[in-house]
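Work through the exercises below with the structure open beside you. Try each task before reading its solution.

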Amino acid sequence: MVKSKLEQQVIDALEAVAPDHGIDVVDVEVVGATKAPCLRVRIDRADGDPISLDEVTAQSAWVSAVIEKLDPIAGSYTLEVSSPGMARPLRRPSDFERFTGEAVELTTTATEGRRKFKGAIVSVDEHAVTLSLEDDETVTIPHDEIKKCTLKPVFDFSRGKDGK
């Protein structure tokens, strides 16, 4: 997955200490205006169980301390620490492996042709991910060409209020 130099620096710094806290650094991104950027850090429990809001709050202190020591952004910025949410970002080959079979929305860095894909993860290796698209087409995309990929939550509203 393609990350900016700044985002990768923050990921590397956080991943160096995250295992000591039982945390998986899901994603880091810098968003917002240049004068008032927001550094968004998404974390989850390393054991695979979902992280609670109370756990995110408890983990925010060490995340903030690591970023403060790194001092990646000149001037003021907002630090936002959160869970990955339902539209969880997938960043590493291991993330794609974990969610094989799940529906995703993926954007590539391609300068020509199609850049956005919706489908299910069919397979993954250390070099690429293969998706089965909604039109029964299959496409293989190298990891270094993936700009962004998130799980696409699927809601089943076919059941009634009483579960039937």
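## Exercise 1: One helix, two sides

Helix H1 covers residues 5-17, which makes 13 residues, and spans 19 Å from its first C-alpha to its last, close to the 18 Å expected at 1.5 Å a residue. The model is a predicted one.

**Task.** Find which residues of H1 are buried, and work out where around the axis they sit.

**Solution.**
1. Start with the buried set. In H1 it consists of Glu7, Val10, Ile11 and Leu14.
2. Look down the axis. These residues cover an arc of only 100°, so they fall on the same side of H1.
3. Recall the helix geometry. An α-helix has 3.6 residues a turn, so residues three or four places apart point the same way.
4. Turn to the other side of H1. Lys5 and Ala16 are exposed there.
5. Ask what the buried residues pack against. Their partners are strand E1 (23-31), strand E2 (38-45) and helix H2 (53-70).

## Exercise 2: The whole chain

**Task.** State how many helices and strands the protein chain has, and in what order the elements run.

**Solution.**
1. Count the elements. There are three helices and eight strands.
2. Read from the N terminus. The order is α-β-β-α-β-α-β-β-β-β-β.
3. Take the extent. Along the principal axes, the C-alpha atoms fill a box of roughly 50 × 50 × 30 Å.
4. Check burial. Of the 164 residues, 36% count as buried.
5. Check the contacts with a separation of 6 or more. Residues 24 or more positions apart account for 53% of them.

## Exercise 3: The nonpolar cores

**Task.** Identify the residues with the most contacts inside the largest nonpolar core. Then name the element that gives the most to this core.

**Solution.**
1. Begin with the core itself. The largest one has 18 residues, and those with the most contacts inside it are Leu14, Val28, Leu39, Val41, Trp62, Val63 and Ile67.
2. Trace the contributors. H1, E1, E2 and H2 each give two or more residues to this core.
3. Pick the main one. H2 gives the most, with five residues.
4. Zoom in on Val41. Beyond its neighbours within four places in sequence, Val41 is in contact with Leu14, Asp27, Val28, Val63, Ile67, Leu79, Glu80, Val81 and Ser82.
5. Look for another core. A second, separate one has 16 residues, including Leu90, Leu106, Leu131 and Val139.
6. Set this against a general trend. In soluble globular proteins, nonpolar side chains tend to be buried together.

## Exercise 4: The largest pocket

**Task.** Say which residues lie nearest the centre of the largest pocket, and which element gives the largest share of its lining.

**Solution.**
1. Note the volume. The largest pocket has about 280 Å³.
2. List the lining. It has 17 residues, of which Val2, Lys3, Glu29, Lys147 and Lys148 lie nearest the centre.
3. Assign elements. E1 and strand E8 (146-151) each give two or more residues to the lining.
4. Choose between them. E8 supplies the largest share, four residues.

## Exercise 5: Two residues with positive phi

**Task.** Place Asp71 and Asp136 in the chain. For each, decide: buried or exposed?

**Solution.**
1. Recall the usual case. Most residues other than glycine have a negative phi, and most peptide bonds are trans.
2. Take Asp71. Its phi is positive, about 50°, although it is not a glycine.
3. Place Asp71. It lies in the loop between H2 and strand E3 (78-82).
4. Judge Asp71. Exposed means over 50% relative accessible area. Asp71 has 53% relative accessibility, so it counts as exposed.
5. Take Asp136. Its phi is near 65°, also positive in a residue other than glycine.
6. Place and judge Asp136. It lies in the loop between strand E6 (128-133) and strand E7 (138-142). At 72% relative accessibility, Asp136 counts as exposed.

## Exercise 6: Gly119 and Ser4

**Task.** Classify Gly119 and Ser4 by their accessibility.

**Solution.**
1. Locate Gly119. It sits in strand E5 (residues 116-124).
2. Apply the cut-off. Buried means under 20%. Gly119 has 10% relative accessibility, so it counts as buried.
3. List its contacts. Leaving aside neighbours within four places in sequence, Gly119 touches Glu102, Ala103, Val104, Ser132 and Leu133.
4. Locate Ser4. It lies in the segment before H1.
5. Classify Ser4. At 35% relative accessibility, Ser4 counts as partly exposed.
6. Add a distance. Ser4 and Val28 are 24 residues apart along the chain, and their C-alpha atoms are separated by 9.9 Å.

Terms used. Residues numbered from 1 in each chain as written. Predicted model: local features only at pLDDT ≥ 70, side-chain atom pairs only at ≥ 80, totals over all residues. Heavy atoms only, no water. Expected span 1.5 Å × (residues − 1). Buried < 20%, exposed > 50% of the residue type's maximum accessible area, 1.4 Å probe, protein only. Arc of directions from axis to C-beta. Contact = heavy atoms within 4.5 Å. Core = buried A, V, L, I, M, F, W, Y, C linked by side-chain atoms within 4.5 Å. 1 Å grid on protein atoms, 1.4 Å probe; cavity = no way out; pocket = protein on both sides within 12 Å on 5 of 7 lines; lining within 4 Å. Points joined across faces, edges and corners; volume = space filled by probe spheres on them.
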